[in-house]
Amino acid sequence: MIVTSNLTNDTTLRWQRGDEPDLAGYEVLWRETTAAEWQRVIPVGDVTEVTIDLSKDNVFFGVRAVGRDGHRSPVAFPRPGS
């Protein structure tokens, strides 16, 4: 989920950790609202919450899992929450 209760220029994302035995961590992706492809990706590790120094009003965010072998899941779009 994308935390919408805080009116700041930072964006906090939260998700539930997957239970796959080969899960290595997660990546956060974003793109401009007019872009068709993901423009940036940052590895965030084996965590379930991250705060990005970027406004949730200006871009689309996504999260994907990464396996130990480097395989990546499809990107999930976060839903608004608190």
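The secondary structure of this protein, seen here as a predicted model, consists of 7 strands and 0 helices. Reading from the N terminus, you meet the elements in the order β-β-β-β-β-β-β. The radius of gyration is 13 Å, close to the 12 Å that the globule rule gives for 82 residues, so the protein is as compact as a globular protein of that length. If you are setting up a box around the C-alpha atoms, they fill roughly 35 × 25 × 20 Å along the principal axes.

Next, let us look at how the chain packs. Among contacts with a separation of 6 or more, 59% are between residues 24 or more positions apart. Of the 82 residues, 35% count as buried. The accessible surface comes to about 5300 Å², and carbon and sulfur atoms own 48% of that area.

Now for the charges. The protein carries 9 positive and 12 negative charges, and the mean positions of these two sets are 1 Å apart. A search of the whole structure turns up 4 salt bridges, and it is worth walking through some of them.

Start with Arg14 and Glu49, whose side chains meet in a salt bridge with an N to O distance of 2.8 Å. Arg14 sits in strand 2 (residues 11-14) and Glu49 in strand 5 (residues 49-52), so this pair ties together parts that are 35 residues apart in sequence. Arg14 has a relative accessibility of 29% and counts as partly exposed. Glu49 is partly exposed as well, with a relative accessible area of 42%.

A second salt bridge joins Asp46 and Arg17, with the closest N and O atoms 2.9 Å apart. Here the partners come from loops: Asp46 is in the loop between strand 4 (40-45) and strand 5, while Arg17 is in the loop between strand 2 and strand 3 (23-32), and the pair links parts of the chain 29 residues apart. Asp46 is partly exposed at 40% relative accessible area, and Arg17 is partly exposed at 42%.

Finally, turn to Arg64 and Glu27, where the side chains form a salt bridge at 2.6 Å, N to O. Arg64 belongs to strand 6 (residues 59-67) and Glu27 to strand 3, so the pair ties together parts that are 37 residues apart in sequence. Are these two residues, Arg64 and Glu27, buried or exposed? Both are buried. Their salt bridge is also part of a wider arrangement: through shared partners, Glu27, Arg64 and Arg72 are joined into one network.

Conventions
Residues numbered from 1 in each chain as written. Predicted model: local features only at pLDDT ≥ 70, side-chain atom pairs only at ≥ 80, totals over all residues. Heavy atoms only, no water. Helix = DSSP H or I, 4+ residues; strand = E, 2+ residues; numbered from the N terminus. Rg over C-alpha atoms; globule rule 2.2 N^0.38 Å. Buried < 20%, exposed > 50% of the residue type's maximum accessible area, 1.4 Å probe, protein only. Contact = heavy atoms within 4.5 Å. Areas by Shrake-Rupley, 256 points an atom, 1.4 Å probe, with all protein chains shown as cover. Lys, Arg positive; Asp, Glu negative; His and termini not counted. Charge placed at Lys NZ, Arg CZ, Asp CG, Glu CD.
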